[in-house]
Amino acid sequence: MRKRLIAGNWKMNGALAQITSLIDGIANGLLQINGVSAADVELLVLPPSIYIPFVHEKIKNTAIGLGAQNLYLGDVGAFTGEVSGSMLKEVGCQFVLVGHSERRTLFFEDSAMVGLKFKAAVLAGLMPILCVGETRLEREGGQTEAIIHEQLNAVLQIAGIAAFEKAVIAYEPVWAIGTGLTATPEEAEAVHAFIRQFIHQNNVDLARTIRILYGGSMKPDNAALLLAMPNIDGGLIGGASLDAGQFLKICEAASVVN
Ligand code: PGA
């Protein structure tokens, strides 16, 4: 059985006051709701990197995990403005996003760069959450599987299949991110099954255990149906993760469908 994972990608949101009430809201809410136990659903927040030590301190005695939204591929040196995996690890991160579509488009990260970052994350002892997904035009052009294959294969060629043993994959259709549009459970499931098949071709055992999250306007009202799909093992939540109540409702949905 794969343990469900619900990750909140806060993106570049929140001043200190907002982050304080958000993390307090999640931590306090977790204590109050029945049915979300650390045994069946794993929770994780991904704050802007400058706030990671602050959030780390706040979640010390909770079941909430911590991750970063980005890392650089080098470990130490003259890389002005960048943060390495070992630095993130040192301040308490367990996870890091790699290949989010906003990084690919706004910051020109190609699949080779994503592969190198994925490898750097694993070497630093972090668990990368590798994001893949097609644009609306690519979907309409029938290219979804080809795009996902290219994005996965680039990472496989650079990092090797063994690196995937310490990784999570997130399917995030670009057209669904922050748009309020969601893939139907069937549409998402078809791509998740394709991703699992890709892993299966390279490592049969890993295909059974690797977690594949769905991301793209997952909300309390659509989470249960998406999470009920056999190959959807959790969610990568943007907008709804900035509201403690909504985020916890999604965690509850993940716990119920277990
Ligand atoms: P969204 O973002 O939930 O706001 O669509 C998801 C993501 O970008 O990870």
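**Exercise 1. Strand β1 and its neighbours**

How many bridges join β1 to strand β8 (residues 234-237), and in which sense do these strands run? Then describe how β1 is placed between its partners.

*Solution.* The model under study is predicted.

Step 1. Strand β1 and strand β8 are joined by 4 bridges and run parallel. Within this pairing, Ile6 is found opposite Gly235 of β8.

Step 2. Strand β1 (residues 4-9) also pairs with β2, in the parallel sense, over 6 bridges. Arg4 stands opposite Val41 in β2, and Asn9 has Leu46 of β2 as its bridge partner.

Step 3. The side chains of β1 can now be sorted by direction: Arg4, Ile6 and Gly8 point one way, while Leu5, Ala7 and Asn9 point the other way, and all are buried. Because 6 of the 6 residues of β1 are buried, this strand is largely enclosed by the rest of the structure.

**Exercise 2. From β2 to β5**

Follow the strand pairings from β2 through β3 and β4 to β5, and state the handedness of the crossovers on the way.

*Solution.*

Step 1. Strand β2 (residues 41-46) has 5 of its 6 residues buried, so the rest of the structure largely encloses it.

Step 2. Strands β2 and β3 run parallel and are joined by 3 bridges. The bridge partner of Leu44 in β3 is Gly65. Between these strands the chain passes through helix α2 (residues 52-58), and this β-α-β crossover is right-handed.

Step 3. Strand β3 (residues 64-68) is joined to β4 by 2 bridges, again with a parallel run. Here Ala68 stands opposite Val96 in β4. Together, β3, helix α3 (residues 85-90) and β4 make a right-handed β-α-β unit.

Step 4. In strand β4 (residues 95-98), Phe95 and Leu97 point one way and Val96 and Val98 the other way, and all are buried.

Step 5. Strand β4 runs parallel to strand β5 (residues 127-132), with 4 bridges between them. Leu97 stands opposite Ile129 in β5.

**Exercise 3. The surroundings of the ligand**

Which of the 13 residues around the ligand come nearest, and which polar contacts reach its oxygen atoms?

*Solution.*

Step 1. The nearest of the 13 residues are Lys11, His100, Glu172, Gly178 and Ser217.

Step 2. By class, the shell consists of 4 nonpolar, 7 polar and 2 charged residues.

Step 3. Glu172 places a polar side-chain atom 2.7 Å from an oxygen atom of the ligand. From Gly178, a polar backbone atom is 2.7 Å from a ligand oxygen atom. For Gly238, a backbone N or O atom lies 2.8 Å from an oxygen atom of the ligand.

Step 4. The ligand taken alone exposes 280 Å², of which the protein buries 97%.

**Exercise 4. Two residues beside the ligand**

Where in the chain do His100 and Lys11 lie, and is each of them buried or exposed?

*Solution.*

Step 1. His100 belongs to the loop between β4 and α4 (101-106). Its relative accessible area is 5%, so His100 is buried. A polar atom of the His100 side chain lies 2.9 Å from the backbone nitrogen of Glu102.

Step 2. Lys11 lies in the loop between β1 and α1 (16-32). The relative accessibility of Lys11 is 18%; the cut-off for buried is under 20%, and Lys11 therefore counts as buried.

Step 3. Although Lys11 is not a glycine, its phi is positive, at about 50°.

**Exercise 5. Phe108 and His149**

Classify Phe108 and His149 by accessibility, and describe the setting of each.

*Solution.*

Step 1. Phe108 lies in the loop between α4 and α5 (111-123). Its phi is near 55°, a positive value in a residue other than glycine.

Step 2. The relative accessibility of Phe108 is 72%; exposed requires over 50%, so Phe108 counts as exposed.

Step 3. His149 has its place in helix α7 (residues 144-159). With 35% relative accessibility, His149 counts as partly exposed.

Step 4. His149 and Phe198 are 49 residues apart in sequence, and their C-alpha atoms are 7.7 Å apart in space.

Key. Residues are numbered from 1 along each chain as its sequence is written. This is a predicted model: local features need pLDDT of at least 70, side-chain atom pairs count only at pLDDT 80 or more; totals for chains, interfaces and linings use all residues. Side-chain values use heavy atoms; hydrogens and water are left out. A residue is near a molecule or strand if one of its heavy atoms lies within 4 Å of it. A polar contact is a pair of N or O atoms within 3.5 Å; within protein, one must be able to donate a hydrogen and the other to accept it, and residues adjacent in sequence count only if both atoms are side-chain atoms. Accessible areas come from the Shrake-Rupley method with a 1.4 Å probe; for residues, only the protein chains shown count as cover. Ala, Val, Leu, Ile, Met, Phe, Trp, Tyr, Cys and Pro count as nonpolar, Asp, Glu, Lys and Arg as charged, and the others, Gly among them, as polar. Buried means under 20% relative accessible area, exposed over 50%, partly exposed in between (1.4 Å probe, protein chains only). Two strands pair if DSSP finds at least two bridges between them. A crossover is right-handed if, with the strands pointing away from the viewer, the path from the first strand over the helix to the second runs clockwise.
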